[in-house]
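Q: Please take a close look at one part of this structure. Then work outward from it, and set it in the context of the rest.

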Amino acid sequence: MKILITGGAGFIGGNFVYYMLANHSDYEIVCLDKLTYAGNLSTLAGVMNNKMFKFVKGDIADKKFVDELFSKEKFDACINFAAESHVDRSIEDPQIFLITNIIGTQVLMDACRFNGNIRYHQVSTDEVYGDLPLDRPDLMFTEDTPIHTSSPYSSSKAGADLLVLAYYRTYGLPVTISRCSNNYGPYHFPEKLIPLMITRALADETLPVYGDGKNVRDWLYVEDHCHAIDLILHNGRIGEVYNVGGHNEMSNIDIVKLILKKLDKPESLIKYVTDRKGHDRRYAIDPAKIHRELGWLPQTKFADGIEKTIAWYLDNKKWWQDIISGDYRNYYDKMYSKR
Ligand code: NAD
Ligand code: DAU
């Protein structure tokens with residue numbers, strides 16, 4: 001098989017490239033990535049010399065470029081990880097989210113359609129379901145939960161999901177969608193909660209916690225997400241949505257305190273700051289369908305995953321220090337100085 005992985009220089013896409021080359025050594029993998037602020041070629045350094053791997057720089061929303069790539073490469077499947085992925089950035093400047101996340105999805109699916117009805121998988125998010133109340137732990141997102149978005153980011157992802165399902169019904173494109181909860185692990189860009197807190201705590205800098213810190217996310221180790229996508233790609237039912245999550249709900253403040261404890265840093269580093277606009281209160285995934293149909297279960301317990309993640313950031317300081325020494329400083333000042 002020859003598979004196009006878009007967004008492979010980012011966090012989850014990068015982990016998926018490694019996962020696929022390790023688990024399907026006879027597959028050819030082509031990674032298409034625009035190398036935005038979130039894309040890092042250093043993430044892919046370990047596979048650049050693998051003869052089954054090729055990197056191509058380009059924009060999924062650039063129709064001419066994508067069409068030429070598809071007619072040249074003859075892909076068997078396309079898995080779309082490429083996206084603008086940070087909620088806070090979408091609140092500051094929504095338009096690029098619509099262009100990449102919606103138009104980019106449409107351009108890729110048209111290329112699949114006109115090059116032999118290529119198998120297409122959309123990497124989506126639990127954020128399309130909106131949020132759940134803190135005082136109803138019995139409630140979880142199922143695949144039938146109505147779409148009800150809060151941020152420009154989640155709205156753009158929901159728009160893309162609807163388009164994917166429309167391409168299935170209207171054109172018969174063989175599609176699947178996975179909607180996963182919050183991932184953590186190696187190569188996570190340090191604007192997101194866990195890597196931001198690890199890297200700032202290591203530098204003895206304040207840790208900005210939004211609002212009261214009681215918002216809840218359902219954390220999954222990134223490799224478990226990669227395994228789920230692999231299963232869906234090969235055995236998932238066409239036209240179906242699969243929720244992916246490991247029943248690991250934790251409040252932000254508990255995560256931050258745990259990281260401080262593991263790094264032997266004081267809780268006095270915590271700084272409560274103005275809340276995110278429209279901040280979703282709680283996410284919780286019901287993964288019963290992917291377990292029942294595909295046998296998927298998460299393999300990594302949070303206690304082990306967070307140890308591995310912290311160890312990775314300690315062992316790979318160059319990777320994140322290169323990132324936080326560049327434009328990232330301006331980003332941090334812009335987003336946090338007035339909070
Ligand atoms: P990320 O921001 O770390 O990486 C995104 C990658 O996409 C980067 O390499 C970037 O350069 C690339 N990209 C952006 N715009 C592009 C374009 N127009 N053309 C080509 N490449 C482009 O994101 P992530 O956290 O790895 O998320 C990957 C996917 O998984 C996204 O679709 C996201 O919505 C989804 N998702 C993420 C999480 C999470 O917890 N991070 C959870 C569920 C779903
Ligand atoms: O649920 C899946 C989603 O998870 C993905 O679709 C998104 O791409 C991904 O970015 C992530 O979104 P979140 O908004 O949940 O992740 P983030 O790491 O930005 O924030 C996690 C929680 O931590 C959230 O409640 C906001 C809070 N937070 C975040 C940052 C960056 C803070 O309290 N302080 C911070 O500085």
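A: **Starting point: one acidic side chain**

Asp 224 is buried, because its relative accessible area is 3%, and buried means under 20%. The model is predicted. Asp 224 sits in helix α7, which covers residues 222–235. Set aside its neighbours within four places in sequence, and the contacts of Asp 224 are Trp 296, Leu 297, Pro 298, Gln 299 and Thr 300. Arg 292 is 68 residues from Asp 224 along the chain. The C-alpha atoms of Asp 224 and Arg 292 are 16 Å apart.

**A buried arginine**

Arg 282 lies in the loop between β13 (270–273) and α9 (288–294). How large is the relative accessible area of Arg 282? The value is 2%, so Arg 282 also counts as buried. Its side chain reaches the backbone oxygen of Arg 136, at 3.1 Å. Neighbours within four places in sequence are again left aside for the contacts of Arg 282. Asp 131, Leu 132, Pro 133 and Leu 134 are among them. So are Arg 136, Pro 137, Leu 139 and Phe 141. Val 216, Arg 217 and Glu 249 complete the list.

**A buried histidine**

His 188 also belongs to a loop, the one between β7 (183–184) and α6 (193–202). The relative accessibility of His 188 is 6%, so this residue counts as buried. With neighbours within four places in sequence excluded, His 188 is in contact with Phe 11, Asn 183, Pro 195, Tyr 313 and Trp 319.

**Ligand 2**

Helix α6, which follows the loop of His 188, also gives residues to a ligand shell, described below. There are 25 residues around ligand 2. Which come closest? They are Asp 126, Tyr 153, Arg 276, His 279 and Tyr 336.

Take the polar contacts next. Pro 208 has a polar backbone atom 2.8 Å from a nitrogen atom of ligand 2. Tyr 210 places a polar backbone atom 2.8 Å from an oxygen atom of ligand 2. Asn 252 uses its side chain, with a polar atom 2.8 Å from an oxygen atom of ligand 2. On its own, ligand 2 exposes 690 Å², and the protein buries 94% of that area. Two elements, α6 and β8 (207–210), each give two or more residues to this shell. By class, the shell of ligand 2 has eleven nonpolar, eight polar and six charged residues.

**Ligand 1**

Tyr 153 is listed among the closest residues to ligand 2, and it appears in the corresponding list for ligand 1. Ligand 1 has 28 residues around it. Ile 12, Asp 33, Ser 85, Tyr 153 and Lys 157 come nearest.

The side chain of Tyr 153 has a polar atom 2.6 Å from an oxygen atom of ligand 1. The backbone contributes too. A polar backbone atom of Ile 12 is 2.7 Å from an oxygen atom of ligand 1. Lys 34 has a backbone N or O atom 3.0 Å from a nitrogen atom of ligand 1. Taken alone, ligand 1 exposes 840 Å², of which the protein buries 97%. Elements giving two or more residues to its shell are α1 (11–23), β5 (119–125) and α5 (152–171). Strand β5 has the largest share, with three residues. The shell of ligand 1 divides into twelve nonpolar, twelve polar and four charged residues.

**The whole chain**

Now step back. The chain has twelve helices and 13 strands. Its C-alpha trace spans about 60 × 45 × 35 Å along the principal axes. The radius of gyration is 19 Å, which agrees with the value near 20 Å for a compact globule of 339 residues. Of the 339 residues, 55% are buried. Asp 224, Arg 282 and His 188 belong to that buried group.

Contacts run far along the sequence. Count those between residues at least 6 apart, and 83% of them join residues at least 24 apart. At the surface, the chain exposes about 14500 Å². Carbon and sulfur atoms supply 50% of that exposed area.

Methods
Residues numbered from 1 in each chain as written. Chains lettered and ligands numbered in written order. Predicted model: local features only at pLDDT ≥ 70, side-chain atom pairs only at ≥ 80, totals over all residues. Heavy atoms only, no water. Near = heavy atom within 4 Å. Polar contact = N/O pair within 3.5 Å; in protein donor to acceptor, adjacent residues only side chain to side chain. Areas by Shrake-Rupley, 256 points an atom, 1.4 Å probe, with all protein chains shown as cover. Helix = DSSP H or I, 4+ residues; strand = E, 2+ residues; numbered from the N terminus. Nonpolar A, V, L, I, M, F, W, Y, C, P; charged D, E, K, R; others polar. Buried < 20%, exposed > 50% of the residue type's maximum accessible area, 1.4 Å probe, protein only. Contact = heavy atoms within 4.5 Å. Rg over C-alpha atoms; globule rule 2.2 N^0.38 Å.
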